[in-house]
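Biologist: Could you walk me through this protein and show me how each label is earned?

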Amino acid sequence: MPIFASMVPVLRVSDVARSLAWYRDNLGFEADPMPANAPHEYCLLRRDRTELLLRRAHAPIARTADAYDWDVCIRLEGGELIALLDHARRRTPLVRGPEIMPAGHVEFELEDPDRHRVCVAERLTDTTGIPPAV
């Protein structure tokens, strides 16, 4: 049986350069766009042990995402969710959270330029001041 090494989600975006800047600036991803000069057809984003592929859409993107209907979920470890939350909220609006989910982890959501919902989640030992999910 073959061993799966990784699985990379793909998001269709209207402008790869704009989206890669959003993921770089808000979530700290490193970008490897192709071709190197805009307009890019796609971009592989990397951070720590994760990858996300942005691919240029050739048709209009219809998005009607609601809270809890996210396209990407990033699970953190190391207790840095609040630091990332503070960094991101200074650059882009939060869509939801932070809040403690029924399973015990903390989540917040952001929305990228193409309205893809990005959920960031981590199990924290100290949840003081974070409300429970409604």
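Modeller: Happy to, and please keep in mind that this is a predicted model. Let's begin with Asp71, which sits in the loop between E4 and E5.

Biologist: Why is Asp71 called partly exposed?

Modeller: The relative accessible area of Asp71 is 30%. Buried means under 20% and exposed means over 50%. The value for Asp71 falls in between, so Asp71 is partly exposed.

Biologist: What makes the pair of Asp71 and Arg117 a polar contact?

Modeller: A polar atom of the Asp71 side chain lies 2.8 Å from the backbone nitrogen of Arg117. The cut-off is 3.5 Å between N or O atoms, with one able to donate a hydrogen and the other to accept it, so this pair counts.

Biologist: And how far is Asp71 from Leu124, in sequence and in space?

Modeller: They are 53 residues apart in sequence, and their C-alpha atoms are 23 Å apart.

Biologist: Let's turn to Glu109. Why is Glu109 called buried?

Modeller: Glu109 belongs to strand E7, residues 106-111. Its relative accessibility is 0%, and the limit for buried is under 20%, so Glu109 counts as buried.

Biologist: Which side chains make polar contacts with the side chain of Glu109?

Modeller: One is Arg96, at 2.6 Å. Another is Arg117, at 3.3 Å. Each distance is within 3.5 Å, so each passes the distance test for a polar contact.

Biologist: What makes Asp48 exposed?

Modeller: Asp48 lies in the loop between E3 and E4. Its relative accessibility of 73% is over 50%, so the label is exposed. Asp48 also has a positive phi, near 55 degrees, and is a residue other than glycine.

Biologist: Where is Arg115, and why is Arg115 called partly exposed?

Modeller: Arg115 is in the loop between E7 and E8. Its relative accessible area is 38%, between the limits of 20% and 50%, so Arg115 is partly exposed. Arg115 is not a glycine either, yet its phi is positive, about 70 degrees.

Biologist: Which peptide bonds are cis in the loop between E2 and E3?

Modeller: Among them is the bond from Met34 to Pro35, with omega near -10 degrees. The bond joining Ala38 and Pro39 is cis too, with omega about 5 degrees. Pro35 is found in that loop, and so is Pro39.

Biologist: Now the inside. How many residues does the largest nonpolar core have?

Modeller: This core has 26 residues, and those with the most contacts inside it are Tyr23, Leu27, Leu45 and Leu54. H1 provides the largest share, five residues.

Biologist: What does Leu54 touch?

Modeller: Leaving out residues up to four places away in sequence, Leu54 touches several residues, including Leu11, Val13, Leu20, Tyr23 and Leu45. The list also includes Ser19 and Glu41.

Biologist: What is the volume of the largest pocket, and which residues are closest to its centre?

Modeller: The volume is about 580 Å³. Of the 23 lining residues, Arg47, Thr50, Ile74, Arg75 and Leu76 are the closest to the centre.

Biologist: How does the lining divide, and which element gives the most?

Modeller: There are 14 nonpolar, two polar and seven charged residues in the lining of the largest pocket. E5 gives the most, with four residues. Helix H1 (16-27), strand E4 (50-56), strand E5 (72-75) and helix H2 (81-89) each supply at least two.

Definitions and conventions. Residues numbered from 1 in each chain as written. Predicted model: local features only at pLDDT ≥ 70, side-chain atom pairs only at ≥ 80, totals over all residues. Heavy atoms only, no water. 1 Å grid on protein atoms, 1.4 Å probe; cavity = no way out; pocket = protein on both sides within 12 Å on 5 of 7 lines; lining within 4 Å. Points joined across faces, edges and corners; volume = space filled by probe spheres on them. Nonpolar A, V, L, I, M, F, W, Y, C, P; charged D, E, K, R; others polar. Buried < 20%, exposed > 50% of the residue type's maximum accessible area, 1.4 Å probe, protein only. Core = buried A, V, L, I, M, F, W, Y, C linked by side-chain atoms within 4.5 Å. Contact = heavy atoms within 4.5 Å.
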